[in-house]
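Hi,

Here's the structure I said I'd pass along. Have a look at it first, and then read on for what turned up.

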Amino acid sequence: MDAETLRDLDRRHLWHPYAAASPAVAAHPVTRAEGVRLTLADGRELIDGMSSWWAAIHGHNHPRLNAAIRDQLDRMAHVMFGGLTHEPAVRLGQRLARMTGLQKVFLADSGSVAVEVAIKMAIQCTGRSRLLTVKGGYHGDTFGAMSVCDPVNGMHHLFTGVLPSHVFADRPPGDYGTRPGAPAAQAADQAYLDHLSSLVARHAGELAAIIVEPVVQGAGGMRFYHPAYLRRLRELADEHGLLLIADEIATGFGRTGELFGCDHAGVRPDIMCVGKALTGGSLTMAATLCTAEVAERIGVLMHGPTFMANPLAAAVADASLALLDERPWREEVKRIESALVEGLAAAAGAPGVKQVRVLGAIGVIETDDPVDVARIQDVVMGHGVWLRPFGHLLYTMPPYSTGPDDLAAIIEAMTAAAATLST
Ligand SMILES: *Cc1c(COP(=O)(O)O)cnc(C)c1O
């Protein structure tokens, strides 16, 4: 099909994420993805500054990941996981347990499902049903996950009466990471620590768990908060007999400069969700992990998707994590971080720019007003770059394999887009 036909039929029949039935701007057909580049049907090449939503950490079309899928495909694409098991799942389970220090692994088919499973685990484990989280969070689009997303920016207003009501602490102060053009990171805010303590104490009797994205709040606003708040939540959970659920779906596997977001705080959660980069951006798979003790207390866990532990996805996830283990990701993320700090400084203080911030391989330009997505996207695509701004945010989280020139192009596209904000 040619590009025009694809665009027309797509608009007629397909929903896109958070999109109207017939969106004003049609989606861009992609015909190939190779390394950090996407090739559009009209022949244009764009640098994928989004890692296809945090996932493609090794770049696209990676030979090792492709080989893992092909090898597994020749043996079997799928078998049910009820009563059966297979080597890809076993290998992945063992590897994830080793990486996280959490013994028991539930392989789910998407991040949102992993969060549902985490919530179920907490409820089954404690016999209580309310959760405590912080405002500004994002945990997925299914009902349980939505119920702990930010109550204002999230989708609560569309589903009032359907979503369970949980306890929300104030949004953590955004006082972590590097902010070019602003004073160096502050110490943790004592008033906020006290707020967490008193809120948990007030509700402890009804709470099953505390659920947060460790250190980085992703789709809820791309904000970085001090690890001291996470440490306090761990202490409070212990003090009051609650579980701590770390949603590492965006932060996991090196993105923030540490292997997991929790590592910034030196805490271990009772339950952890991973996803997104788990398969290196190739197939959909996520996981919910818990301690042996939590698993013991749960007994029979009441969840079991049809495509649980899909062998293709498990095989490529294992290959992707092996690849991560081999690549110098700490140095790569550090290099990206330094380049973002240096390069995005040009946007700090520009008219219409509220703040520039960087943590690990995540670079954010927050704007005063909501961005005109189509207009900003035109500017960055004109620079040969693919970014997907939303709300007040223009941001990048490039593949770890992004080279210096491609990174410079991403930064150039972002600063150029920021320069057009006031025009
Ligand atoms: C993306 C994301 C999810 C949801 O994952 P899906 O695979 O999109 O369902 C949950 N939590 C966090 C922190 C995420 O970034």
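Before the details, one cut-off you'll need: a residue is buried under 20% relative accessible area, exposed over 50%, and partly exposed in between. By that rule R37, at a relative accessible area of 28%, is partly exposed because its value falls in the middle range. Keep in mind that this is a predicted model.

I went after salt bridges, and the structure holds 16 of them. R37 is part of one: it pairs with D406, with 2.8 Å between the closest N and O atoms. This pair ties together distant parts of the chain, since R37 sits in strand β2 (residues 37-40) and D406 in helix α13 (residues 404-419), 369 residues apart. Unlike R37, which is partly exposed, D406 is buried, with a relative accessible area of 16%. There's a third member here too: R37, E45 and D406 are linked in a network of salt bridges.

Next, have a look at helix α8 (residues 227-240), where E235 and R232 are three residues apart and so separated by about one helical turn. Their side chains meet in a salt bridge at 3.5 Å, N to O. E235 is partly exposed, at 45% relative accessible area.

Last one: which side chain does E332 meet in a salt bridge? That would be R327, at 2.7 Å from N to O. Both ends are tucked away by the same cut-off: E332 is buried at a relative accessible area of 13%, and R327 counts as buried at 15%.

Cheers

Methods:
Residues are numbered from 1 along each chain as its sequence is written. This is a predicted model: local features need pLDDT of at least 70, side-chain atom pairs count only at pLDDT 80 or more; totals for chains, interfaces and linings use all residues. Side-chain values use heavy atoms; hydrogens and water are left out. A salt bridge is a side-chain nitrogen of Lys or Arg within 4 Å of a carboxyl oxygen of Asp or Glu. Helices (H or I, at least four residues) and strands (E, at least two) are DSSP runs, numbered from the N terminus. Buried means under 20% relative accessible area, exposed over 50%, partly exposed in between (1.4 Å probe, protein chains only).
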